[in-house]
Amino acid sequence: METKILSTSEYDIALAGEIIEGGGLVAFPTETVYGLGADALNEEAVKKIYIAKGRPSDNPLIVHIAEKEDIIPLVKEVTPVAKALIDKFFPAPLTIILPKSERIGSTVSGGLDTVAVRMPQNETARALIRAAGTPIAAPSANTSGLPSPTKAKHVIDDMNGKIDAIICGEDCDFGVESTVITLATEIPTILRPGAITKEMLEKVIGKVEVAKAVLEGMEQNEVAASPGMKYKHYAPKARVLLVNASKEKYEAFVNSKKDAFALCFEEDNITIPKITFGKESDDCSQARELFDALRQLDEMGAKKVYARIPHKNGVGMAVYNRLIRAAAFCIIDLEKPFIIGLTGQTGAGKGYIGTYLRSLGFHVLDTDIYSRKICEKNSPYLTILAEQFGNDIIENGILNRPLLADRAFSSPESTEKLNSILHPAILELCKKDSVFPSVLDAPLLFECRGNEMCYKSIAVLAPKEIRLNRIMKRDTITKEQALARMNAQNHEEFYKINSDFTVINDGRDIENQINKILEEIL
């Protein structure tokens with residue numbers, strides 16, 4: 001397909017309007033990002049948008065109008081709350097979701113019973129809508145999943161040869177997509193943050209909530225009620241990792257990396273290759289420059305990118321929302337100890353993996369060692385244990401560990417009693433000794449809530465017979481004693497459900513499994 005490259009002249013806009021009216025696709029500038037438009041009332045034309053972008057058909061589109069009153073035929077009712085927002089903000093980078101009228105087809109709405117409508121500020125965009133004589137459905141004019149286009153060049157790179165025409169106008173003023181607020185819920189809820197902030201909306205209509213998916217991602221099987229809610233979105237080809245850190249910590253961390261790029265603020269002192277996206281104190285500059293910065297990283301051949309985290313207030317929420325999706329929710333948090341939890345079934349080989357991680361530079365916090373430390377000779381904890389499990393577990397001020405183990409693992413109630421005594425003290429010592437990066441080696445990581453200290457968790461699993469033989473040999477105990485210890489732990493499924501990663505230690509390459517996990521984590 002030959003794509004016409006048009007200007008913003010009156011003649012070219014009229015030509016673009018004819019293309020839309022005839023069922024074609026036209027990319028056009030708005031104040032947020034460039035849009036890819038089709039006649040919103042023509043289902044066949046709208047389907048072409050999904051094909052051109054490679055966009056999932058369950059992702060709803062936004063319908064663009066030229067005048068405030070144009071919303072009336074598209075929705076069941078313009079509610080008082082909707083009217084208040086329209087009167088205050090339209091035209092604006094604001095999208096309102098309401099129950100749809102019969103004029104809106106299922107393709108535009110992504111199969112939902114609602115429709116998203118906005119009136120763009122950009123004069124070229126509204127002139128195109130008038131020229132077409134119809135509302136225009138338009139997502140961002142980019143290949144689905146890639147950073148949204150804020151310059152005509154971005155659109156040409158992605159869409160040339162795939163659509164009928166591109167109107168090459170000015171660079172976009174705001175640089176991130178419109179704020180999306182649904183009025184189809186009991187309390188108005190922001191589904192996608194943008195330049196119209198929560199605070200601005202609340203001044204007009206009162207309480208406004210922010211959907212959990214804005215900052216934390218969608219739940220499994222959750223339906224996207226707005227564009228841009230998918231788990232991974234706005235992403236460059238490079239792998240992006242978000243770094244939560246102060247300016248000084250971020251600089252030190254990033255400058256220690258090799259074969260990586262930084263996506264940072266203008267004020268950051270970075271020695272590795274970098275692209276900046278605005279000033280730390282200026283949310284609007286971050287929003288305006290973010291998508292162009294992500295595209296520049298691809299042009300520079302970046303493979304791995306460490307991005308400085310923005311704050312989550314005001315327009316900063318919109319920047320954070322786009323970046324967290326570009327990073328597929330991968331965050332390295334330097335503001336708390338970077339700890340990887342290591343757990344698993346007894347006899348599975350957790351100790352071997354701890355040793356391997358230590359060889360890679362991790363500081364291993366072994367809870368077994370801390371358990372022995374707090375139960376040293378004449379420790380006050382020995383008195384507490386003796387009260388619960390019998391005075392004979394203490395001999396000359398020294399703990400008889402095998403005897404304690406026999407009694408503590410004799411029933412779930414006894415095991416819980418032991419854990420409630422020792423776990424808080426063990427975790428407190430681990431917190432005190434943690435450095436970057438650390439591994440918390442804890443057989444009962446989840447039971448003692450040690451996972452709350454951890455960035456990610458790894459569980460080590462192995463077949464029952466292998467574990468049984470290992471325990472008997474390691475601890476020089478009988479089969480019955482070994483089985484008692486094994487039975488005191490949770491089943492394999494428990495670890496699979498609760499851990500971020502699992503390692504199977506049954507003879508296959510353990511180090512290769514760990515290296516792949518670390519590559520994903522780090």
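Q: What makes H16 stand out in the lining of the largest pocket?
A: In this predicted model, H16 gives the most to that lining, with nine residues. Helix H16 spans 412-433, and other elements giving two or more residues include helix H12 (350-359), strand E18 (363-366) and helix H17 (464-475).

Q: Why do residues such as Thr346 and Asp368 count as lining the largest pocket?
A: A lining residue needs an atom within 4 Å of a pocket point. The largest pocket has 48 residues that line it, and Thr346, Asp368, Arg401, Phe409 and Pro443 lie nearest its centre. Its volume comes to about 1,400 Å³.

Q: How do the residues of that lining divide into nonpolar, polar and charged?
A: There are 20 nonpolar, 16 polar and 12 charged ones. Phe and Pro count as nonpolar, and Asp and Arg as charged, so Phe409 and Pro443 go with the nonpolar group while Asp368 and Arg401 go with the charged one.

Q: Why is Ile181 called a member of the largest nonpolar core?
A: Membership takes a buried residue, under 20% relative accessible area, joined to others through side-chain atoms within 4.5 Å. Ile181 is one of the 46 residues in this core, and among those that touch the most other members. Its contacts further than four places away in sequence include Leu85, Leu94, Ile96 and Leu201.

Q: Which element gives the largest share of this core?
A: That's H2, with five residues; helix H2 runs over 43-53.

Q: What lies apart from this core?
A: Another core of 35 residues does, with Leu241, Val254, Ala262 and Ile514 among them.

Definitions and conventions. Residues are numbered from 1 along each chain as its sequence is written. This is a predicted model: local features need pLDDT of at least 70, side-chain atom pairs count only at pLDDT 80 or more; totals for chains, interfaces and linings use all residues. Side-chain values use heavy atoms; hydrogens and water are left out. On a 1 Å grid over the protein atoms alone, a cavity is a set of points where a 1.4 Å probe fits but cannot get out, and a pocket is an open set with protein on both sides within 12 Å along at least five of seven lines; lining residues have an atom within 4 Å of a point. Grid points are joined across faces, edges and corners, and a volume is the space filled by probe spheres set on the points. Helices (H or I, at least four residues) and strands (E, at least two) are DSSP runs, numbered from the N terminus. Buried means under 20% relative accessible area, exposed over 50%, partly exposed in between (1.4 Å probe, protein chains only). Contact means heavy atoms within 4.5 Å.
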